[in-house]
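Here is a friendly walk through one model, written for someone who likes to check atoms and cut-offs. Please keep the viewer open while you read.

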Amino acid sequence: MQDKEIALKGIPASPGVIMGKAFMVGSEQYVIMKRHLADEEIPHEVKRFKDSLTRTKAEILDIKKKMENEIGAEEAQIFSAHLLVIEDSMLMDEVLSKLKKDRLSVEYVFQDVLKKYIKIFSDIDDEYLRERISDINDVGKRILKNLIGAKEKSLSTISEKVIVISYDLSPSDTAIMHKKNVIGFATDIGGRTSHTAIMAKSLEIPAVVGLEDVTSKVKEGDEVIVDGTHGTVVINPTAKTIKKYTLEKKRYAVREKYLKELKGLPCETLDKRKIMLSANIEFPMEVPSVLAHGAHGIGLYRTEFIYMNRKDLPSEEEQFEAYSTVAKKMKTQPVIVRTLDLGGDKFLSQFALPEEMNPFMGWRAIRFCLARPDVFKVQLRAILRASAYGKLKLMYPMISGIQELKAANDILEDVKASLKKDSISFDENIEVGAMIEIPSAALTSDVLAGEADFFSIGTNDLIQYVVAVDRVNEKIAYLYDPAHPGVLRLIKQIIDSGHAAGIWVGMCGEMAGDVTMTLVLLGMGLDEFSVSPIAISEVKKIVRSVTFEQAKEIAAKALTFSTGEEVQKFCIDALKKAVPDLAEGLL
Ligand code: PEP
Ligand code: MG
């Protein structure tokens with residue numbers, strides 16, 4: 001009997017889908033004996049330690065050189081960080097003095113000191129520093145291996161195509177991976193900014209990190225799927241899952257093909273209607289991927305992530321640093337910074353928020369910000385200051401009516417006045433928009449348009465409120481339907497009232513990247529699509545395949561159906577005609 005299928009969710013580290021056999025790495029632990037030393041043995045232990053450092057340093061320099069030649073100088077910089085660990089005299093002095101004081105074998109003392117260092121770094125409230133633990137671990141393991149005289153389990157000797165499964169893959173493991181044979185990897189730990197993630201992207205191997213317990217779920221030789229685009233790993237997939245991922249793999253290849261084919265071409269219809277094509281991000285480090293996928297700007301920068309997983313609030317300076325980094329990197333291309341949207345499924349540890357029955361309809365987003373102007377003002381100041389360094393726009397989430405929009409704008413004016421008073425420069429003409437993601441806002445969008453420079457439709461929330469389906473409840477997920485006629489009518493109303501008032505209308509919810517809906521949205525007159533970077537080339541391809549007139553006809557027809565199912569079928573047929581290879585396998 002086949003083992004049960006298990007699907008695990010982790011952090012997408014490097015895009016692409018791959019299937020293959022699991023190869024377990026790094027589970028081997030060195031057995032370190034606690035041995036007491038006689039006085040005369042101490043000089044010999046000191047020498048052994050110093051020799052192992054010299055050997056480790058030589059190995060790292062060697063890998064660094066190999067990496068420079070095979071991958072690039074920038075990636076090889078990781079090993080400069082490793083050299084710094086070896087040269088850290090505090091760590092090494094501590095080993096030597098403890099060795100002399102405790103008179104225990106040097107492996108044992110070294111491992112003890114290393115554990116202490118790792119504990120100190122784990123407790124630091126800084127993601128970047130925490131992720132440097134893997135550097136210390138990597139170097140530490142290498143020193144131990146040299147002290148013991150153990151043989152390295154070399155990934156470069158793998159003779160068949162495998163997916164590497166490991167607790168953590170150190171940069172040196174990754175560097176020696178033989179690209180042809182390691183076709184993907186998955187690890188228990190690691191974050192988006194971990195070196196392993198950075199290296200996986202350079203090697204163009206699909207990878208998922210931060211899976212927590214993948215090493216305990218996978219056995220050597222198990223069939224595994226790594227979906228590095230969405231951060232999923234499936235162990236022992238069923239035939240149905242294999243079919244799904246085979247399709248996903250094809251889709252990925254199609255996207256890559258479009259990306260190359262459309263590079264540098266504008267996002268416009270055959271009759272030259274220009275569409276703004278933007279990307280959604282959560283972290284400044286995603287900007288290179290946004291640019292690589294050919295986005296024209298950032299249509300949604302979700303800022304709440306700066307506030308999460310920490311005990312204190314981010315300072316104005318810290319936020320300014322993040323927003324201005326994005327602004328500078330995007331140069332003249334626009335970046336829409338969305339103000340804090342906590343609540344719903346995103347919680348902050350520093351506010352002991354009361355548990356709510358309906359968190360998605362609770363004290364979240366702009367409601368929280370208006371109740372806590374002290375917190376809101378700090379963010380607005382940081383965004384405005386950063387606006388002097390690029391083309392920033394600002395938008396408020398979860399606006400339900402005109403009073404909220406006015407109240408938020410009043411606070412913004414206060415902050416602008418205080419910056420002027422302090423002679424701090426900012427973009428005085430910064431565009432300010434409202435997210436339209438609550439039905440009452442959609443239905444009064446004509447009123448809101450008078451107070452906003454643009455609208456961005458947040459379909460993730462809008463749909464859940466329109467059809468009354470909690471967006472995270474699996475049981476009723478079948479009712480969460482972007483093609484529902486009620487949803488389409490509301491979207492049309494928002495676009496029309498925005499245009500009637502002379503403002504542009506974009507969409508930053510997931511629906512904007514749903515290829516089955518692109519033609520309808522285009523035909524309804526949507527001015528901007530803000531999608532995840534990987535969906536950019538598909539949307540561009542679709543837009544470039546039709547005239548605006550054709551899209552308008554498709555939208556008008558789509559609005560005549562009475563069920564979402566009929567709308568879906570019609571939209572897929574329309575897509576099949578416009579871009580056949582994208583529609584393949586969609587229904
Ligand atoms: C949305 O609701 O569509 C949206 C983009 O915001 P979030 O997913 O962050 O709620
Ligand atoms: Mg939302």
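## A metal, a ligand and some loops

Asp-461 counts as buried, at 2% relative accessibility, where buried means under 20% relative accessible area, exposed over 50%, and partly exposed in between (1.4 Å probe, protein chains only). Some ground rules help here: this is a predicted model, in which local features need pLDDT of at least 70 and side-chain atom pairs count only at pLDDT 80 or more, while totals for chains, interfaces and linings use all residues. Residues are numbered from 1 along each chain as its sequence is written, chains are lettered from A and ligands numbered from 1 in the order in which they are written, and side-chain values use heavy atoms, with hydrogens and water left out.

**The magnesium ion.** Which residues hold the protein donors of ligand 2, the magnesium ion? They are Glu-437 (OE) and Asp-461 (OD), at 2.0 to 2.1 Å from the ion. Donors here are N, O and S atoms within 2.8 Å of the metal (3.2 Å for Na, K and Ca), and because water is not among the atoms, sites may look incomplete. The pair links distant parts of the chain, 24 residues apart: Glu-437 sits in the loop between β13 (432-436) and α17 (439-443), and Asp-461 in helix α19. Helices (H or I, at least four residues) and strands (E, at least two) are DSSP runs, numbered from the N terminus. Glu-437 is buried too, with a relative accessible area of 2%.

**Ligand 1.** A shell of 15 residues surrounds ligand 1, and the closest are Arg-302, Arg-338, Glu-437, Gly-458 and Asn-460; a residue is near a molecule if one of its heavy atoms lies within 4 Å of it. By type, the shell divides into 3 nonpolar, 4 polar and 8 charged residues. For this split, Ala, Val, Leu, Ile, Met, Phe, Trp, Tyr, Cys and Pro count as nonpolar, Asp, Glu, Lys and Arg as charged, and the others, Gly among them, as polar. Both β10 (297-302) and α19 (459-466) supply at least two residues of the shell, and the largest share, 3 residues, comes from α19.

The table gives polar contacts of ligand 1, that is, pairs of N or O atoms within 3.5 Å.

| Residue | Protein atom | Distance to an oxygen atom of ligand 1 |
|---|---|---|
| Arg-338 | polar side-chain atom | 2.9 Å |
| Asn-460 | backbone N or O atom | 2.8 Å |
| Asp-461 | polar side-chain atom | 3.0 Å |

Taken alone, ligand 1 exposes 290 Å², and the protein buries 99% of that. These areas come from the Shrake-Rupley method with a 1.4 Å probe.

**Loops elsewhere.** Thr-229 is found in the loop between β7 (223-227) and β8 (232-235), and it is buried at 13% relative accessibility. Its side chain reaches the backbone nitrogen of Gly-16 at 2.9 Å. Beyond its neighbours within four places in sequence, Thr-229 is in contact (heavy atoms within 4.5 Å) with residues including Pro-12, Tyr-252 and Ile-534.

Gly-221, in the loop between α10 (214-217) and β7, is partly exposed at 32%. Gly-221 and Ala-22 are 199 residues apart in sequence, and 4.8 Å apart in space, C-alpha to C-alpha.

Finally, look at Lys-331, whose phi is near 50°, a positive value in a residue other than glycine. Lys-331 lies in the loop between α13 (316-329) and β11 (334-338) and is exposed, at 62%.

Key: A polar contact is a pair of N or O atoms within 3.5 Å; within protein, one must be able to donate a hydrogen and the other to accept it, and residues adjacent in sequence count only if both atoms are side-chain atoms.
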